[in-house]
Amino acid sequence: MSTGADAGRRAELERSLTQVGERIERACADTGRDPADLTLIVVTKRFPLEDVLALHELGVRDIGENRDQEAGEKVMALRDRLGADAPTVHFIGQLQSNKAGHVAGYADVVQSADRAKIVDALARGAQAAGRELDVLVQVGLDADEGRGGVRPDAAGALADRVAGLDGLRLRGVMAVAPLGADPAPAFARLREVADGIRSNHPDAHWISAGMSGDLEAAVAHGATHLRVGTAILGSRTAVL
Ligand SMILES: *Cc1c(COP(=O)(O)O)cnc(C)c1O
C-alpha cells in the first residue's frame, strides 16, 4: 500500500469515517441543518503519518493537532508528500507564548487563542513568516481554568484584539464542553458568545465545538466545525 498503512487499518479508518459521517447526517436531519455547512476535522494527534495519509486518500481535508513538535514534523512531511494537496492543519492544543510563533509558521488555523500574550505572539510569528493565519478565540466553558479558554465575558475583547492585528484573520470561536456534564447548556452559551462576536465581525462565523462524544449536541447548537479523534482513529492510549 502506497500510504504505508496496511489494508486492515485502512479498512478500519474507512469504516469509522463512514460511521461518523452517518452520525453527522443524522444530527443534521434531526435539527434541520445542512451537512454542507459542517466541516469535519479529524484529530490525528498521537497517530502516525501513515494514518493521516490513509485518511487523506479517504477524502479527509482537515486535520487537528495539539502539540507543537509533533504537529510541526507531521505537517512538514505531509506537505513534502502531498504539496498543495496537503490537508488544512488546525492547531487545537494549549499554547505557550514561546511556542506560538513557531506554530504560526506552519498551522493554517489556530483554534486555541485564549489570551493576549498568545495572540500577540501568533501575530508576530505570522508576520515574520509572511503568512495569514486563521484564528479562533477559545472560550472556557468550565469552572476549571486549567483546561484553557478565555472567560466568556472577556471573549469579545480578545476577538477585537485578534481582528486588529496584521497577519491574523479572526474566524470565530472554539470550545471544549465541560468534563462529565451535559454539553448542551455549554454549547448554547458558546453560541451566545459567538453571536456577540459576529455582530462586530461579520466574517467571524465559525463555531468549533463537538468531539467524539458530543458532536450531536454541538450540531444542535450551531457548530460549524467538529473535531473528532477517537471515534475515527480509535483510542489514543493504545498507540505510541
Ligand atoms: C483531542 C481533542 C479532540 C478530539 O477528542 P476525541 O474525544 O478524541 O474526539 C477535540 N478537541 C480538542 C481540543 C482535543 O484536544
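**Exercise 1. How much space lies in the second largest cavity, and what lines it?**

Solution. The model is predicted.

Step 1: take the volume. The second largest cavity holds about 30 Å³ of space.

Step 2: list the lining. Phe187, Leu190, Arg191, Ile207, Ala209, Ala218, His221, Gly222 and Ala223 line the second largest cavity.

Step 3: sort that lining by class. It divides into 6 nonpolar, 2 polar and 1 charged.

Step 4: look for the main contributor. Helix H7 (residues 183–200) gives the largest share of this lining, 3 residues.

**Exercise 2. Find the cavities of the whole structure, then describe the largest cavity.**

Solution. Step 1: count. The search finds 2 cavities of 30 Å³ or more.

Step 2: take the volume of the largest cavity. About 60 Å³ of space lies there.

Step 3: name its walls. The lining consists of Gln138, Val139, Gly140, Leu141, Asp142, Asp144, Arg147, Gly148 and Val176.

Step 4: sort them. The lining of the largest cavity has 3 nonpolar, 3 polar and 3 charged residues.

**Exercise 3. Characterise the largest pocket and say what takes up its space.**

Solution. Step 1: take the volume. The largest pocket measures about 450 Å³ by computation. Of its 19 lining residues, Lys45, Asn66, Ile92, Val176 and Met211 are the closest to its centre.

Step 2: sort the lining. It divides into 6 nonpolar, 9 polar and 4 charged residues.

Step 3: identify the occupant. The ligand takes the space of the largest pocket.

Step 4: link back to Exercise 2. Val176 lines the largest cavity, and Val176 is also among the residues around the ligand.

**Exercise 4. Describe the shell around the ligand, then find polar contacts of the ligand.**

Solution. Step 1: list the shell. Val43, Lys45, Ile92, Val176, Met211, Ser212, Arg227, Val228, Gly229, Thr230 and Arg236 surround the ligand.

Step 2: sort the shell. It has 5 nonpolar, 3 polar and 3 charged residues.

Step 3: apply the cut-off. A polar contact needs a pair of N or O atoms within 3.5 Å.

Step 4: go through the pairs.
- Lys45 places a polar side-chain atom 2.7 Å from an oxygen atom of the ligand.
- Gly229 uses a polar backbone atom, 2.8 Å from an oxygen atom of the ligand.
- Arg236 has a side-chain N or O atom 2.8 Å from an oxygen atom of the ligand.

Step 5: take the cover. On its own the ligand has 390 Å² of accessible area, and the protein covers 87% of it.

Conventions. Residues are numbered from 1 along each chain as its sequence is written. This is a predicted model: local features need pLDDT of at least 70, side-chain atom pairs count only at pLDDT 80 or more; totals for chains, interfaces and linings use all residues. Side-chain values use heavy atoms; hydrogens and water are left out. A residue is near a molecule or strand if one of its heavy atoms lies within 4 Å of it. A polar contact is a pair of N or O atoms within 3.5 Å; within protein, one must be able to donate a hydrogen and the other to accept it, and residues adjacent in sequence count only if both atoms are side-chain atoms. Accessible areas come from the Shrake-Rupley method with a 1.4 Å probe; for residues, only the protein chains shown count as cover. On a 1 Å grid over the protein atoms alone, a cavity is a set of points where a 1.4 Å probe fits but cannot get out, and a pocket is an open set with protein on both sides within 12 Å along at least five of seven lines; lining residues have an atom within 4 Å of a point. A molecule sits in a cavity or pocket if more than half of its atoms lie within 2 Å of its grid points. Ala, Val, Leu, Ile, Met, Phe, Trp, Tyr, Cys and Pro count as nonpolar, Asp, Glu, Lys and Arg as charged, and the others, Gly among them, as polar. Grid points are joined across faces, edges and corners, and a volume is the space filled by probe spheres set on the points. Helices (H or I, at least four residues) and strands (E, at least two) are DSSP runs, numbered from the N terminus.
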